[in-house]
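The following note is offered in reply to a request for comments on the structure shown below. Its points are numbered for ease of reference.

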Amino acid sequence: MASNKLLMLSVVAICLPAMAMATDYLVGDDSGWTINFDYQAWAKDKVFYVGDKFVFQYPKGYHNVFKVNGTAFKNCDIPPANQALSSGNDTVVLNTPGRKWYICGVSNHCSAYAQKLFITVQYQYGWAPAPTPQILQVSQPWAPTPAPTPSSPSTPAPTPSVPDTIVTDPWASSPISSSPPLPTPIAPSWPPAPSLPTTPAPTPERWAPTTLSVPETTVTDPWAPAPAPLAPSPISSPPSLPTPTAPSWPPAPSPYPWI
C-alpha cells in the first residue's frame, strides 16, 4: 500500500513541473496576427513543447486562423469556413508533438501577404512516445510435442547411366574413323576410237598464175551518147477469115399449085 502511494507521488512530482512550465505565446508579439509580417523569423529562435499555447490576436472580421497540413500550407489552400477560428482572440493548445501549420483564410492574405506560420512541437524533457509492444510467441506447456518424422535411410539413389554421346560442333571437322581405307577406283580401259582419214588440201603449183575472177562491169562514160531507142516491131495483120457460104436448101413448095 505504501509503495502505491509512493508511485503516485512520483508521477505527480514529475507532471506538475511540466504543467507549470507550459508557456503562452502571443503570435507575432506586439504585431499580433496580421499581414506583411515574417512569422518564420519570429518562430526561428523559439522552442515549442507539448502543453504550450498559441494566442492569435487580431481585429475581429479582418482575419481568421485555419489549421492545415503541409500541402495546403504551401499552396495556401483554404479549408471550409466552418473550420476557421474567427473570435479575434483565438487560443490553440499544442497537445501533440510534431509539425503544425497555420494560415489566414481571408481573401489572399496567405498567398499575397505571407500570413502563415509553421512550427515544430517537441516533447517535454525529451520524452519519447512509448514503443509499440511486441507480441512474444510463448509455447504452452500442455501443448503436445509433435511426433518426430521417421527419417529414411540415407541410401543414395542409383545414378542412371547415360550413354556417352559425342557432341560435335557443326563447324568442327569430322573425326577420322579407324575403318580400313576404301580401294581407289580404277578407270575402265576402253579401246581407242578409230581415227578418220584426213584428205590434205590441194597445194597450188608455184608456177601456176593466180587468176582472179572479176565481175564484168560495163562502164559508161558520162560524155558518151545514149544508145538509140529500139524501133517498134511491125504489127502483123490478122489472118483473113473465110467467107461463109450459104447452105443449099431445096426450094420450098409453092402454096399456090396453079402457079
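1. H109 touches I35, Y62, H63, C104, A114 and Q115, when residues up to four places away in sequence are set aside. In this predicted model, H109 is placed in helix α4. Its side chain makes a polar contact with the side chain of H63, at 3.2 Å. Is H109 buried or exposed? The residue counts as buried because its relative accessibility is 13%, and the limit for that class is under 20%.

2. G105 belongs to the loop between β6 (98-103) and α4 (109-113). With a relative accessibility of 19%, G105 also falls under the 20% limit and therefore counts as buried. Apart from residues up to four places away in sequence, G105 touches N64, F66 and I78. The C-alpha atom of G105 is separated by 9.5 Å from that of K116, which is eleven residues away along the chain.

3. As to the overall architecture, the chain contains four helices and seven strands. Along the sequence these follow the pattern α-β-α-β-β-β-α-β-β-α-β. Of the contacts between residues at least 6 apart in sequence, 70% join residues at least 24 apart.

4. Some whole-chain surface values may also be useful. Buried residues account for 16% of the 259 residues in the chain. The exposed area is about 23200 Å², and 63% of this area is supplied by carbon and sulfur atoms.

5. One open sheet consists of three strands in the order β1-β3-β5, with mixed pairing. Its edge strands are β1 (24-26) and β5 (89-93), each of which pairs on one side only. Neighbouring strands of this sheet are turned against each other by 20° on average, direction ignored. As general background, strands of a sheet pair through backbone hydrogen bonds, either parallel or antiparallel.

6. The individual pairings in that sheet can be stated as follows. β1 runs parallel to β3 (residues 53-57), and three bridges join the two strands. The bridge partner of D24 in β3 is K53. β3 and β5, by contrast, pair in the antiparallel sense over five bridges. Within β5, V92 is the bridge partner of F54.

7. How do the side chains along β5 alternate? D90 and V92 point to one face and are buried, whereas N89, T91 and V93 point to the other face and are not buried. F56 is in contact with D90 and V92, and also with N89, once its neighbours within four places in sequence are left aside. The other contacts of F56 on that basis are V27, W33, V65, G88 and Y102.

8. A further open sheet is formed by four strands in the order β2-β7-β6-β4, again with mixed pairing. The edge strands here are β2 (48-49) and β4 (66-68), and each pairs on one side only. β2 pairs with β7 (residues 116-122) in the parallel sense over two bridges. Y49 has Q122 as its bridge partner in β7.

9. Which residues touch the most other members of the largest nonpolar core? Within this core of 18 residues, they are W33, F54, F56, L117 and I119. The elements that give two or more residues to the core are α2, β3 and β7. There is also a second, separate core of nine residues, which includes V68, A72, A84 and I103. In general, nonpolar side chains in soluble globular proteins tend to be buried together.

10. Two backbone conformations deserve a separate remark. D29 is not a glycine, yet has a positive phi of about 55°. The phi of N36, likewise a residue other than glycine, is near 55°. D29 lies in the loop between β1 and α2 (39-44), and N36 lies in the loop between β1 and α2 as well.

11. The accessibility classes of these two residues should be noted alongside their phi values. D29 counts as partly exposed because its relative accessibility is 40%, which lies between the limits of 20% and 50%. N36 has a relative accessible area of 58% and is therefore exposed, the limit for that class being over 50%.

Terms used: Residues are numbered from 1 along each chain as its sequence is written. This is a predicted model: local features need pLDDT of at least 70, side-chain atom pairs count only at pLDDT 80 or more; totals for chains, interfaces and linings use all residues. Side-chain values use heavy atoms; hydrogens and water are left out. Two strands pair if DSSP finds at least two bridges between them. Axes are lines fitted to C-alpha atoms, for helices over the stretch in contact, and angles run from 0 to 180 degrees between N-to-C directions. Buried means under 20% relative accessible area, exposed over 50%, partly exposed in between (1.4 Å probe, protein chains only). Contact means heavy atoms within 4.5 Å. Accessible areas come from the Shrake-Rupley method with a 1.4 Å probe; for residues, only the protein chains shown count as cover. A polar contact is a pair of N or O atoms within 3.5 Å; within protein, one must be able to donate a hydrogen and the other to accept it, and residues adjacent in sequence count only if both atoms are side-chain atoms. A nonpolar core is a set of buried Ala, Val, Leu, Ile, Met, Phe, Trp, Tyr and Cys residues joined through side-chain atoms within 4.5 Å.
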